[in-house]
Amino acid sequence: MSNLNVSGVSEMDATSIISPKRKNKKGKYVNSRQKEIIINIYKDVITKSPDIQYRPMISEISRLTGIGRETIINTISEYRQTGNVTSPQKKRTRTTLFDKIDDMDRNGIRQTIHSFWLRRELPTIDKILTAVNENPSLPNYKRTTLFKVIKKLDFVFTKRKRCSVLTERDDLICWRQRYLYDIRKYRNEGRTVYYLDETWLNAGDCVDRVWVDTTITSNRDAFNKGLTTGSKNPTGKGKRLIVLHIGSNNGFLPGGLLCFESKKNSSDYHDEMNGACFQEWFESVLPRLEPNSIIVLDQGSASNFYWSPKD
């Protein structure tokens with residue numbers, strides 16, 4: 001008669017019903033709690049077998065935990081360097097639709113909304129949608145998409161005469177009034193006002209609309225008539241140039257152009273123009289400016305600052 005354990009199941013039967021060890025899925029995050037278990041097993045193996053070699057030790061820990069060798073190596077290395085372990089950063093930065101819209105399109109939408117006020121009309125979302133989509137220089141938007149973009153441009157909905165309209169925040173209106181007042185004062189004083197900004201240019205840029213010969217029905221037809229099927233659309237791939245310049249009512253400042261090739265594969269060209277690069281260019285431009293001048297620069301969607309260099 002076979003020996004029975006406390007639960008009434010034989011030792012042989014208990015061993016046979018145990019499922020095999022489950023391995024950690026490839027690419028799955030290993031949190032700090034799992035890393036602590038790895039470190040505890042690592043300490044136990046080192047204590048019991050101080051002469052064990054590194055590779056066999058890694059293989060043994062991987063076998064016991066079901067976690068890959070590379071993760072085991074990185075975890076032990078992190079513990080040796082810092083004395084503790086941390087969880088990986090799971091949150092990834094997602095690019096929103098608003099980030100994909102360049103400054104020119106943002107300003108175009110803003111000007112479209114303000115044009116309603118200039119005509120003394122109420123800029124409802126439906127009117128703005130029609131005006132934006134009819135503008136050939138602006139992209140076409142769906143109603144919900146344009147609504148989100150307008151909210152990102154710091155416009156808010158307010159109730160007025162039982163009709164929902166778009167207005168700007170009071171603090172932005174006060175800021176713009178103060179800015180216009182200061183600029184008018186500096187111009188009356190005869191001081192030169194310089195404006196600077198940066199943008200980007202893609203090698204695959206092209207115009208949105210071109211003339212197309214509708215009488216050409218195929219490549220063979222074009223070949224027989226000695227014509228073409230029109231220009232090929234660019235793939236959108238290619239080099240990107242970052243451009244930074246400064247100018248006044250007298251035109252662009254001589255020697256103030258900064259143009260270089262982008263090295264980062266990023267959808268936002270602002271990633272290339274870091275603080276060190278801008279400071280180096282800015283310091284080289286200052287000696288070229290007229291004395292007692294004003295510099296207006298854009299540092300965000302609603303943050304403009306002006307700075308006056310010394311004589």
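Visitor: How do you know that the span of helix H2 agrees with its number of residues?

Guide: Helix H2 covers residues 32-48, and this model is a predicted one. At 1.5 Å a residue, its 17 residues should span 24 Å, counting one less than the number of residues. The end C-alpha atoms of H2 are 24 Å apart, so the two values agree.

Visitor: Which residues of H2 are buried?

Guide: They are Lys35, Ile38, Ile39, Ile41, Tyr42 and Val45, and buried here means under 20% relative accessible area.

Visitor: What makes these buried residues line one face of the helix?

Guide: Look down the axis of H2: the buried residues fall within an arc of 165 degrees, so they line one face. Turned away from that buried side is a face with the exposed residues Arg33, Thr47 and Lys48.

Visitor: What covers the buried residues of H2?

Guide: The cover includes helix H3 (54-65) and helix H4 (69-82).

Visitor: Let's move on to another pair. At what angle do helix H6 and helix H7 pack?

Guide: H6 (residues 103-118) and H7 (residues 125-134) pack at about 120 degrees, and their axes are 10 Å apart.

Visitor: Why is H6 called oblique to H7?

Guide: Roughly perpendicular runs from 65 to 115 degrees and roughly antiparallel starts over 145. An angle of about 120 degrees falls in neither range, so H6 counts as oblique to H7. The crossing is right-handed.

Visitor: Which residues meet there?

Guide: From H6 come Thr112, Ile113 and Phe116; from H7, Lys127, Ile128, Ala131 and Val132.

Visitor: And how many helices and strands are in the protein chain?

Guide: The chain has eleven helices and eight strands, and 28% of its 311 residues count as buried.

Terms used: Residues numbered from 1 in each chain as written. Predicted model: local features only at pLDDT ≥ 70, side-chain atom pairs only at ≥ 80, totals over all residues. Heavy atoms only, no water. Helix = DSSP H or I, 4+ residues; strand = E, 2+ residues; numbered from the N terminus. Buried < 20%, exposed > 50% of the residue type's maximum accessible area, 1.4 Å probe, protein only. Arc of directions from axis to C-beta. Contact = heavy atoms within 4.5 Å. Axes fitted to C-alpha atoms, helices over the stretch in contact; angles between N-to-C directions. Left-handed = near helix turned anticlockwise from the far one by under 90°.
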